[in-house]
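The following paragraphs lead through selected features of a single structure, from its covalent links to its surface. Please keep the sequence and the model in view while reading.

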Amino acid sequence: NDEVKSHLFEDSQNPISKPHYTFGLDLVSLNIQRGRDHGLPGYTNWRQHCGLERPKHFSDLADDIDQDALANIQQIYRDVDDIDLYTGALSERPLEGGILGPTLTCLITDQFIRMKKGDRMWYENPYKPQGFTLEQLGQIRLTTLARIICDNSDNVDQVQPYVMQRIYEGNEYTPCIEIPRPDLTKWKDADLTRTHIYSKPISTFSNTQISFITPPKSVTLYIISMWVLKA
C-alpha cells in the first residue's frame with residue numbers, strides 16, 4: 001500500500017531533499033529483488049515443497065488468494081510459475097486463527113524447527129552435560145511473562161496470565177501469588193558429605209580392585225574411578 005511504498009523509511013532530514021521531494025523506500029520491491037538476487041525458486045516451487053498443490057494455471061490459486069489480488073498478479077506475471085515467492089506468499093489468505101497463509105506458515109515453521117533442533121545448546125535438547133533433567137524442564141516451562149512482570153515490577157500485585165492478550169473470560173486479572181513460579185530447589189546441588197555416594201566402604205576393597213564411584217547426577221565433578229591400595 002501507499003504507506004509502505006511512499007513513507008516507510010522516509011528520509012525528510014536529507015539536506016539535498018526538498019520537503020515535497022521526500023520519499024520512502026519501497027520495501028516490497030526491495031524484498032522481491034532480494035529473492036531474485038539470491039536465486040530463490042518461484043512461489044509455485046515453494047508450494048510444492050510444503051506439500052501444497054502446485055498450480056498449473058492462475059485459476060488454481062483461487063482458493064488461497066482472493067480474487068482482486070489474483071487479478072493483479074495475473075496482470076503482472078506472464079505465467080503462474082513466474083510468481084515471486086514474496087508476492088505469492090503475502091497474497092495468500094491467512095489460515096484460520098493465524099495471520100499468515102499456508103506457504104509462509106510452512107516455511108517459517110520449518111525455519112524455527114531447524115534453528116531449535118540444530119542448536120545443541122537449546123535448553124530442551126537432552127545432550128549432556130548441558131541438558132536439564134525432566135524435573136528441571138518442567139519448572140522452566142512454568143516461567144511466563146506474567147510471572148516475570150510480577151517478580152520485577154513495582155506496585156504490581158495482579159496481572160492477566162496471558163499478558164499479551166486482552167482481558168477476557170479465562171484471562172482475567174489474577175493475583176501475582178497465584179501465578180505459577182519455578183521451583184529452583186530442583187537445581188540444588190546434592191550434599192557431597194553423604195555416605196551413600198560410595199557403593200561400599202573403601203576398607204572392603206582389595207589392593208587390585210577398582211572402585212567406581214557414582215555421585216548424584218547434580219554433582220558436576222564426576223570421579224570416574226580410583227585405585228584403592230591396601231595399607
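A residue is taken as buried when its relative accessible area is under 20%, as exposed when that area is over 50%, and as partly exposed in between. The model discussed here is predicted. By the first of these cut-offs Cys176, with a relative accessible area of 9%, is buried.

Cys176 leads directly to one of the disulfides, of which the count comes to two. Its sulfur atom lies 2.1 Å from that of Cys150, and the two residues form a disulfide. The torsion about the S-S bond of Cys150 and Cys176 is about -75°, so this disulfide is left-handed. Distant parts of the chain are linked in this way: Cys150 belongs to helix α8, whereas Cys176 is in the loop between β2 (174-175) and β3 (210-211), the two being 26 residues apart. Cys150 has a relative accessible area of 10% and is therefore buried.

Helix α8, which spans residues 145-152, places Cys150 among its buried residues together with Ala146 and Arg147. Viewed down the axis of α8, these buried residues fall within an arc of 95°, so they line one face of the helix. The general geometry is relevant here: an α-helix has 3.6 residues a turn, so residues three or four places apart point the same way. As for what the buried residues of α8 meet, they pack against β1 (158-159).

The other bond to consider joins Cys50 to Cys106, with an S to S distance of 2.1 Å. Cys50 lies in the loop between α3 (43-49) and α4 (67-76) and Cys106 in helix α6, so the pair ties together parts that are 56 residues apart in sequence. Here the torsion about the S-S bond is about -90°, so the disulfide of Cys50 and Cys106 is left-handed. Are its two cysteines buried or partly exposed? Cys50 counts as buried because its relative accessibility is 19%, while Cys106 is partly exposed because its relative accessible area is 24%. When the bonded cysteines of the chain are numbered in sequence order, the pairing reads 1-2, 3-4.

Helix α6 also leads to the surface. Ile108 is found in this helix, which covers residues 102-117. With a relative accessibility of 35%, Ile108 counts as partly exposed. On the surface, Ile108 forms a nonpolar patch with Phe112 and Met115, and together they have about 310 Å² of accessible area.

Key. Residues numbered from 1 in each chain as written. Predicted model: local features only at pLDDT ≥ 70, side-chain atom pairs only at ≥ 80, totals over all residues. Heavy atoms only, no water. Buried < 20%, exposed > 50% of the residue type's maximum accessible area, 1.4 Å probe, protein only. Helix = DSSP H or I, 4+ residues; strand = E, 2+ residues; numbered from the N terminus. Arc of directions from axis to C-beta. Contact = heavy atoms within 4.5 Å. Patch = residues over 30% accessible without salt bridge, like charges linked within 9 Å, V, L, I, M, F, W, Y side chains within 5 Å. Areas by Shrake-Rupley, 256 points an atom, 1.4 Å probe, with all protein chains shown as cover. Salt bridge = Lys/Arg side-chain N within 4 Å of Asp/Glu carboxyl O. Disulfide = S-S within 2.5 Å.
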